Amino acid sequence: VDSTLVHEVSSEIKRVYRIPATEIAEMKLGQRMAANMVMLGATAAITGLISLGALEAAVKDAAGGKLEEVNLRAVREGYDFGCQLLVPVECEAAVNG
């Protein structure tokens, strides 16, 4: 969940990752609207379903032009944050895999 905006999560939910996506987007990128890309990067890191390189390629393909650089930075910030939530070996495997 975006912990900048969501402060309470039902106790029925067994695993929650708190990612301050909106705060990261505002503080590091100056663009609150990039929070979705921060969450995308964090989700990729946490789940390992897509490598950072593949995600960056998809962002370049889908969001070229003036939004490309901010979206890439947002994805990388989110990925880095997501990696910090994992055991280092897991994240390293995701980055290198």
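**Exercises on a five-helix chain**

M37 touches V59, N71, A74 and V75, not counting residues up to four places away in sequence. Here contact means heavy atoms within 4.5 Å. This is a predicted model, in which local features need pLDDT of at least 70 and side-chain atom pairs count only at pLDDT 80 or more, while totals for chains, interfaces and linings use all residues. Residues are numbered from 1 along each chain as its sequence is written, and side-chain values use heavy atoms, with hydrogens and water left out.

**Exercise: the fold**

Find how many helices and strands the chain has, and give their pattern along the sequence.

*Solution.*
- Start with the rule. Helices (H or I, at least four residues) and strands (E, at least two) are DSSP runs, numbered from the N terminus.
- Now count. The chain has five helices and zero strands.
- Read along the sequence. The pattern is α-α-α-α-α.
- Look at contacts between residues at least 6 apart in sequence. Of these, 45% join residues at least 24 apart.

**Exercise: inside and outside**

State what share of the chain is buried, and how much area the chain exposes.

*Solution.*
- Set the cut-offs. Buried means under 20% relative accessible area, exposed means over 50%, and partly exposed lies in between (1.4 Å probe, protein chains only).
- Apply them. Of the 97 residues, 35% count as buried.
- Take the area next. Accessible areas come from the Shrake-Rupley method with a 1.4 Å probe; for residues, only the protein chains shown count as cover.
- The chain exposes about 6,100 Å². Carbon and sulfur atoms supply 54% of that area.

**Exercise: helix α4**

Compare the span of helix α4 with its expected span, then list its buried residues.

*Solution.*
- Helix α4 covers residues 66-84, which makes 19 residues.
- The expected span is 1.5 Å times one less than the number of residues. For α4 this gives 27 Å.
- From first C-alpha to last, α4 reaches 29 Å, close to the expected value.
- The buried residues of α4 are V70, N71, L72, A74, V75, G78, Y79, G82 and C83.
- Think about spacing. An α-helix has 3.6 residues a turn, so residues three or four places apart point the same way.

**Exercise: M37**

Locate M37, decide whether M37 is buried or exposed, and give its distance to R76.

*Solution.*
- M37 lies in helix α2, residues 35-47.
- M37 has a relative accessible area of 12%, so M37 is buried.
- Recall its contacts. N71, A74 and V75 are among them. These three are also on the buried list of α4.
- M37 and R76 are 39 residues apart in sequence. In space they are 8.8 Å apart, C-alpha to C-alpha.

**Exercise: the salt bridges**

Find how many salt bridges the structure has, and describe each pair.

*Solution.*
- Fix the rule. A salt bridge is a side-chain nitrogen of Lys or Arg within 4 Å of a carboxyl oxygen of Asp or Glu.
- The search of the whole structure finds three.
- Take E26 and R32. Their closest N and O atoms are 2.6 Å apart. R32 is partly exposed at 44%, and E26 is partly exposed at 34%.
- Take K28 and E77. Their closest N and O atoms are 3.4 Å apart. The pair links distant parts of the chain: K28 is in helix α1 and E77 in helix α4, 49 residues apart. E77 is partly exposed at 24%, and K28 is partly exposed at 49%.
- Take E56 and R76. Their closest N and O atoms are 2.6 Å apart. E56 lies in helix α3 and R76 in helix α4, so the pair ties together parts 20 residues apart in sequence.
- Check cover. E56 has a relative accessible area of 17%, so E56 is buried. R76 is partly exposed at 30%.
- Check contacts. Leaving out residues up to four places away in sequence, E56 touches L72 and R76.

**Exercise: D2 before α1**

Explain what D2 lacks, and name the residues D2 touches.

*Solution.*
- D2 is found in the segment before α1.
- Sort the charges. Lys and Arg count as positive and Asp and Glu as negative; His and the chain ends are not counted.
- D2 is buried yet has no salt bridge. The nearest side chain of opposite charge, R32, is 7.0 Å away.
- Not counting residues up to four places away in sequence, D2 touches I19, P20, A21, T22, A35 and M39.
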